[in-house]
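Me: I'm new to this one and keep tripping over the labels. Can you walk me through the reasoning behind them?

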Amino acid sequence: QVQLVESGGGLVQAGGSLRLSCAASGRTLSTYAMGWFRQAPGKEREFVATINWRGGGTYYADSVKGRFTISRDNAKNTVYLQMNSLKPEDTAVYYCKAGPTIGTITSSGYWGQGTQVTVSS
């Protein structure tokens, strides 16, 4: 069992930056693919970014490509999401997820409780 706790959310103006963190406990994250997802009010949860267990492979949703960067520090059992050039449409609850592989993380794994990101125009 893996417990994930997100932090770093908040209110920021459009064009600003935030860095989200996801700390794990219970088991080491080093063998898991990690991902970030988000859910805006009235919308379904959507994929944002994912990184493989080594940290060498990353994938992004088209809507965040070039603005967001996912990274991980396995020694700290933590994954990050650096968000730059934020837009009001990035407003959502952001969730961290640990999954078996990049290919299966959308369908299985462990979720965090989420952290709110609000971008004002």
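Me: How many aromatic pairs does the structure hold?

Reply: This is a predicted model, and the structure holds four aromatic pairs.

Me: What makes F37 and F47 an edge-to-face pair?

Reply: Their ring centres are 5.8 Å apart, with 75° between the planes. A pair needs centres within 6.5 Å, and edge-to-face needs planes over 60 degrees apart, so both conditions are met. F37 belongs to strand β4 (residues 33-39) and F47 to strand β5 (residues 46-51), so the pair ties together parts 10 residues apart in sequence.

Me: Why is F37 called buried?

Reply: Buried means under 20% relative accessible area. F37 comes in at 5%, so the label fits.

Me: And why does F47 count as partly exposed?

Reply: F47 has 28% relative accessible area, which lies between the 20% and 50% limits, so partly exposed it is.

Me: How do you know that F37 and W111 are edge-to-face too?

Reply: Check the same two values: 5.1 Å centre to centre is within 6.5 Å, and 70° between the planes is over 60, so yes, edge-to-face. This pair links distant parts of the chain, with F37 in strand β4 and W111 in strand β10 (residues 110-111), 74 residues apart.

Me: Which residues form the aromatic cluster?

Reply: F37, F47, Y95 and W111 form one cluster.

Me: What sits over the ring of Y95?

Reply: The charged end of R45, 3.7 Å from the ring centre. Likewise, the charged end of K97 sits over the ring of F37, at 5.8 Å from its centre. The distance cut-off is 6 Å, so both values pass that part of the test.

Definitions and conventions:
Residues numbered from 1 in each chain as written. Predicted model: local features only at pLDDT ≥ 70, side-chain atom pairs only at ≥ 80, totals over all residues. Heavy atoms only, no water. Phe/Tyr/Trp six-rings, centres within 6.5 Å; stacked < 30°, edge-to-face > 60°. Helix = DSSP H or I, 4+ residues; strand = E, 2+ residues; numbered from the N terminus. Buried < 20%, exposed > 50% of the residue type's maximum accessible area, 1.4 Å probe, protein only. Lys NZ or Arg CZ within 6 Å of the ring centre and 35° of its normal.
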